[in-house]
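Student: I'd like a close look at one helix in this model, please. After that, could you set it among its surroundings and the rest of the chain?

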Amino acid sequence: MAPPISASGINPNSPKTLIQLHPAFLFGICTNFMSFGENFRWAGEPEPRVIFRNIVQRPRHKVTGETVTIVGDHDVALLRYFDCTRSGPRSAFDNNVVYQFEIMEYILDFAFDRLGADGSKIDHPILITECVCNPFQSRSKMAELLFDTYGVPSIAYGVDAAFSYKYNQHHGVCNKDGLAICPGFMTTHVIPFIDGEPEYKGCCRTNIGGYHITDYLKQLLSLKYPHHMARFTWEKVEDLKMEHCYIALDYMSEARLFQNGTKEAEDKTRSWQLPWVPPPTEEPPSEEEIARKAAIKEKQGQRLREMAEAKRSSRINELENESHGLEFLLKQLEQVEEHDIRSFLSATGYVSRKEVESALVKVTQSLQKAKGEQAEFEEKPDAERFHLLNKPDHECTPEELKMKKRQVFLKSTSEGRQRAKQKRHEEELERERRNQQDEQRRSKNPELYKEQLLAKYKDLSEKVEQRKRLKTNGGQTNGNNISGNVGRGERLNAAQRERMRLLTTAAFDRGKGEDTFGARDEDWQLYKLMSKDNDDDDEGPDADEAELARLTSRLREVDPTFVPRSDNGNSQSVETPRSRPLTEEDFRIDLGVERFRCPEILFRPNWIGIDQAGLDEMAGVSLRRLPSKSTELEERLTSSIFLTGGSSLFPGMSERLEAGIRMITPCGSPIRVVKALNPTLDAWRGASAYAASPQFPAQTFSKQEYYEKGEDVVRRYQFRYHVL
């Protein structure tokens, strides 16, 4: 007979479901929410032969649209051809209980296929590991799936922690009486063993495990380094947890070391260096390089100037040709009778001699502008340019009326530009005069001039800030010369308060009945009053602000160390942080207090919002739940406290658990904490040893018994471990 084949989960924190097919093959399924694993091997061998991830994903192909089922491991490059946005990895487990049996069917199909079971039936008994006190509904659904879908002849259920305890008891690690503490991936169980059999009445469970430690570490690192959140994938954080985290014997003393920044804390800090490439250092260009770039720039400028000159010459030629053509056309029109002009110009696109003359004037203007000359017609006096302004309207033709309106507009705008130009010229002269006076005072006594400027700047800036506060908050302060919160009415100036009074009066008078505002002439008069000075808040900078800007510029010239006040008038405002080049330290992840803070939630679940007992308290609860209250029995149990499960691999777990249990047990009680030979594989090894024993068929229930007795056989089923 061929030796049995087996498989086990590789993830040290995941709950395990071990299935043994006897005598032909044996395999196990292991899952956790983010990293799913499944291993296969021959029964009795210590290491798995086949490993794949225990997840199911059903993406669609981007080209064909076909839905594909992917079970276990997959190549990341292969997933580029599939749309995985609507179908993520799914697990068949909720905590450590199977509840998605459709996904479990995909897993079993893939597992049996990898083991070479090509037939329609699996004619071998199966051993399945489960958690403590697994709901019988999950047992029943699993049995129904294996019996109906795969034709399995018989099934046995066993607790994974019990298999690990019995395996290590056989190797002399623990005694027949003891406490098995199994911190797993999603849950933690404490199981008392009396005479080699688990006492389920004394079991207890808490919903805390390795998953919560990884998630807590991921949160802490994301808060500490928010710019590298994409780097903290679940798999990477899981690796950091298993590589660097440990259990502190005294959490407060350990945290105080890092708080004080001692040398010991620096030695315990671990660093993870992210990929970083130093920015290239730019050396200052040499004189030859500067000369070469200047020559290239000059050459490009010369080319652009030549192109612009060629374009200008071409434009001048076009305008000269057009001007000569129009002049020739006007000479021809001198020989044509008045009544024949329209028919003579029909082919040219013009309709009258005046239109041709107007076109010639425009072309002449464009030509003179292109040549850079000043047009003679622009120097015409206003009497010739605006000759229609003094002509009465009743004497003007309709075309002249249109021209007169245009001349009125042009004259007003021209006069406005002249006034603005004159004003700017006067302001420039005044500015030069004041600068000369300032320069004379500065040359006579520089220190006195500087003090006068600073005093004037201070008074003017306070005046401007006070006006801004009055415009915004109405002059109310909170005692620190900073504007406080005031009502809307206190923020208004006098004109705005008057408008508000008119509005409230109108609303009070018209508040009842139909809204008829605007139907009477008085309403429009009120509207004009309300619209007066409506843009007070949108005024541009006044004379004080302009003078303040001038003083600021002058102070910067005479005093390079002068720093002007901020625009909001708050001297306590924080400056915008300046960007700096990233260094290697910006890409370094330091693990300090996080190393022992995250595993500490196994003993203090309330830190992450789980109001349940920690590992040491669970041991005391389990002892109190025992049906027989015997001091001798408690001493036998505490003298053999057995640790198994992936989360028991943290350094310092045994010492911390022993110290915690010693605090809740009577003084002088013997306490000994031992760890499994291999906390991640001993559960499978114990089940594998039991499946190879001749007593295994007697512990199974058959398909015929399940169909005859129904779910009662699953409900009453209990595995016996005395043969191990």
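Tutor: Happy to! The expected span of a helix is 1.5 Å times one less than its number of residues, and helices here are DSSP runs of H or I with at least four residues, while strands are runs of E with at least two, both numbered from the N terminus. This is a predicted model, in which local features need pLDDT of at least 70, side-chain atom pairs count only at pLDDT 80 or more, and totals for chains, interfaces and linings use all residues. Residues are numbered from 1 along each chain as its sequence is written, and side-chain values use heavy atoms, with hydrogens and water left out.

Let's take helix 2, which runs over residues 136-150. With 15 residues at 1.5 Å each, helix 2 should span 21 Å, and its end C-alpha atoms lie 20 Å apart, which agrees. Its buried residues (buried means under 20% relative accessible area, exposed over 50%, partly exposed in between, with a 1.4 Å probe and protein chains only) include Phe136, Met142, Leu145, Leu146, Phe147 and Tyr150. Arg139 is buried as well, as are Ser138 and Ser140.

Both approaches to helix 2 have a backbone detail to look at. Ahead of helix 2, Cys133 sits in the loop that follows strand 12 (126-130). Most residues other than glycine have a negative phi. Cys133 is not a glycine, yet its phi is positive, at about 55 degrees. At 57% relative accessibility, Cys133 counts as exposed. Just past the other end of helix 2, Gly151 has a positive phi of about 65 degrees.

Helix 1 (residues 101-114) makes a good companion. Its 14 residues should span 20 Å, and its end C-alpha atoms are 20 Å apart, so expectation and model agree. The buried residues of helix 1 are Phe101, Ile103, Met104, Ile107, Leu108, Ala111 and Phe112. They cover an arc of only 165 degrees around the axis (taken from the directions from the helix axis to the C-beta atoms), which puts them on the same side of helix 1. Just after helix 1, Gly116 also takes a positive phi, of about 90 degrees. Asn95, in the loop between strand 10 (93-94) and strand 11 (97-98), is another non-glycine residue with a positive phi, at about 60 degrees. Unlike the exposed Cys133, Asn95 is buried, with a relative accessible area of 19%.

Now for the wider chain, starting with charges. Side chains of opposite charge can pair when their charged atoms come close. The whole structure has 29 salt bridges, each being a side-chain nitrogen of Lys or Arg within 4 Å of a carboxyl oxygen of Asp or Glu. In one of them, Asp177 and Arg636 meet at 2.7 Å, N to O. Asp177 lies in the loop between helix 3 (160-170) and strand 14 (178-183) and Arg636 in helix 19 (residues 631-638), so this pair ties together parts that are 459 residues apart in sequence. Asp177 counts as buried at 10% relative accessibility, whereas Arg636 is partly exposed at 31%.

Asp616, in helix 18 (residues 615-624), makes a useful contrast: it is buried yet has no salt bridge, and the nearest side chain of opposite charge, Arg656, is 5.4 Å away. For that search, Lys and Arg count as positive and Asp and Glu as negative, with His and the chain ends not counted. Beyond its neighbours within four places in sequence, Asp616 is in contact (heavy atoms within 4.5 Å) with Phe603, Leu657, Gly660, Ile661 and Ile664.

Overall, the chain has 23 helices and 22 strands, and 40% of its 724 residues are buried. As for confidence, the mean pLDDT (the predictor's confidence in each residue, from 0 to 100) is 79, with 78% of residues reaching 70 or more. Over residues 1-36, pLDDT stays under 50, although the model has 186 contacts beyond four places in sequence for that stretch. Residues 567-577 also stay under 50, with 4 such contacts. Where pLDDT is low, the predicted coordinates should not be read in detail.
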